[in-house]
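Student: I should like to work through this protein chain systematically, from its overall form down to single residues. May we begin once the structure is displayed?

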Amino acid sequence: MGFTRRRFLHTGIGVSAALLAAACAGTGDPSSGPQRGGTLRVGALGAAARREVDPHANLANDSDFLAASLLYDALTVPGANPTVAPRLATAWEADAAQRRWSFTLAPGAAFHSGAPVTAEDVVWSMRRLRAVGGASKMPVPEAGIAADGANRVVFTLDEPNTQLPLLLRLMTFTVPAGTTDFTASVGSGPFRLDSAGGDTTRLVRNEHWHGGAPPLDAIEITAFGSADALSNAVLGGQLDLASNVGAIAGRAAVARGDLRVIRRADDTMVGLAMRTADGPFADPRVRAAVRLGVDRQRLVDQVYSGFGRTAADVLGTADPLYDTALSRARDVDRARTLLREANFDTGRTHALVTKAEVAGEVESARVLATQLGEIGLRLEVQVAESGAFYDRTWLTAPLYTVSWGTNDSVLFLAAKLMTSGSNRNETAFRDPEFDAATARALAATDETALAAACREVQRIQFERGGYVVWGMADGVDVARTGVSGLPTLGGFGRVQLERAWLA
């Protein structure tokens, strides 16, 4: 019998084995082992004015999420195959009903203060995550999170869920119980906080990390307000690594002997969110027209400079269960017909709100406005500062750009962004059939049932969802040639820098 995703989700594996596998998958020279020492200078997109130190809050800055992922341990993290790997939790198992999950904590896990990480710390942190971030960050109700001894945490769900380890990735950061001031950033991750000021945060090695001390002495993370500034910094030699810097910098670095480009497939989705509950895009015919009006290949060529591929309006393109049969070609005539049938007011101009959060996002909005003008949809592109965007646009506006960097699971994104109960439902999508299909997928106890339910989830998204997912960008990191052991996973796997080293 093969080692399937189902078997992995129900057993877990040792964290040391997972980290060893990650290290072996890095981009370093396989003939030599990691060298200890040195400071890695990393640049990532972010604005110092909206720096966030609360690990359970909305970490809109890429630089903040990178720092949090190194300072704190999540219960599980992205993996290659399967797409979930252990971190603070080293093993897990569910009861026969798939409602009660037990997670075992890593032996020797300790906070930067030296205090051991206990089940009570995890329980307090996960309950706080639910209170602060809602069901999209923590799918288990607060009352369903409890300790079972010193090193085991039990999650009890209202409904069967075979995918809980997958849904606990990324944001399930554990802090000492009772923490309310996060300035000191006391976690149990591979690095601890040394200093933070202005645009730069300095982290130093945690010699006592339960996964083994990282090779690097320190990582300095600098926030850059634009992809252009980040690109100029790495091309100018001010950085050792520009994280997710984008295709333009990648093209410039290809010919440089002192730099190399790491391409990570299915890394970032930059798309459109259309509000489905009310307003001009509530009619599914209008949404269908918008999707048919998009020239996907031209967008990939213009916005991603070819560093990516087209997609068909379904999130989770790197999932092994992604339905590759789904495709959508541009059809301007049909799009115009659908707008007429929906009595859409083509004389009115609608706002398309965007933000410079990831490389190419603003440019994509401008290209989309031009393309959709050809079907009679008049759009005015409005560029908002990220803080204002999340305060005034996100979750409420009729039309805006979105970006997501975790695209290896159809279910992960369906549960967190599109079910009726999600507090991050960007398109205000309320569809009982979709909710039921998602619930069936989460409760599936065999691969056949899971695949069938996932196909249904994708079909509904494709036919009447609120997203325009026109393409997937490759993750493009630019690194100095002496940097090794960098992650190669798409999406937020890029923040797992604990095995990076300097030659």
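The dialogue below treats the whole chain, then two helices, then three residues.

Student: Which radius of gyration does the chain have, and what would a compact globule have?

Tutor: The model is a predicted one. Its C-alpha trace spans about 65 × 55 × 45 Å along the principal axes. For 503 residues, a compact globule would have a radius of gyration near 23 Å, and the chain agrees with this, at 22 Å.

Student: What share of the residues of the chain counts as buried?

Tutor: The fold comprises 15 helices and 20 strands. Among contacts with a separation of 6 or more, 73% join residues 24 or more positions apart. The accessible surface is about 18,500 Å², with 50% of it belonging to carbon and sulfur atoms. The buried share of the 503 residues is 58%.

Student: How far apart are the mean positions of the positive and negative charges?

Tutor: The chain carries 51 positive and 55 negative charges. The separation between the mean positions of these two sets is 2 Å.

Student: Which residues does UniProt assign to the feature "domain: Solute-binding protein family"?

Tutor: The annotation comes from an unreviewed UniProt entry. In the model, the span in question is 25% helix and 25% strand, and its end C-alpha atoms lie 10 Å apart. The record places the feature at residues 84–409.

Student: How many residues of helix H3 are buried?

Tutor: Helix H3 covers residues 62–71, and its buried residues include Asp-62, Phe-65, Leu-66 and Leu-70. Strands E1 (39–45), E8 (191–197), E9 (200–205) and E10 (218–224) pack against the buried residues of H3. The number of buried residues is 10 of 10.

Student: What covers the buried residues of helix H8?

Tutor: Helix H8, residues 284–292, has seven buried residues out of nine. These are Val-286, Arg-287, Ala-288, Ala-289, Val-290, Arg-291 and Leu-292. The cover includes strands E12 (259–274) and E17 (467–468), together with helices H9 (296–303), H10 (332–341), H11 (361–373) and H15 (447–464).

Student: Is Glu-361 buried or exposed?

Tutor: Glu-361 is placed in helix H11. Apart from neighbours within four places in sequence, Glu-361 is in contact with Val-270, Thr-354, Lys-355, Thr-401, Val-402 and Ser-403. Because the relative accessibility of Glu-361 is 0% and the cut-off for burial is under 20%, this residue counts as buried.

Student: What relative accessible area does Thr-354 have?

Tutor: Thr-354 belongs to strand E14, residues 349–354. Beyond four places in sequence, Thr-354 touches Glu-361, Val-362, Ala-365, Val-381, Gln-382, Val-383, Ala-384, Phe-389 and Thr-401. Thr-354 is buried, and its relative accessible area is 0%.

Student: Where is Thr-317 found, and which residues does Thr-317 touch?

Tutor: Thr-317 is found in the loop between strand E13 (308–310) and H10. With a relative accessibility of 5%, Thr-317 counts as buried. Not counting residues up to four places away in sequence, Thr-317 touches Asp-266, Arg-309, Ala-311, Tyr-322, Asn-407 and Met-472.

Student: What distance separates the C-alpha atoms of Thr-317 and Gly-471?

Tutor: Thr-317 and Gly-471 are 154 residues apart along the chain. Met-472 is one of the residues that Thr-317 touches. The C-alpha atoms of Thr-317 and Gly-471 are separated by 9.5 Å.

How values were computed
Residues numbered from 1 in each chain as written. Predicted model: local features only at pLDDT ≥ 70, side-chain atom pairs only at ≥ 80, totals over all residues. Heavy atoms only, no water. Buried < 20%, exposed > 50% of the residue type's maximum accessible area, 1.4 Å probe, protein only. Helix = DSSP H or I, 4+ residues; strand = E, 2+ residues; numbered from the N terminus. Contact = heavy atoms within 4.5 Å. Rg over C-alpha atoms; globule rule 2.2 N^0.38 Å. Areas by Shrake-Rupley, 256 points an atom, 1.4 Å probe, with all protein chains shown as cover. Lys, Arg positive; Asp, Glu negative; His and termini not counted. Charge placed at Lys NZ, Arg CZ, Asp CG, Glu CD. UniProt positions renumbered as here; feature names shortened; annotations may be inferred.
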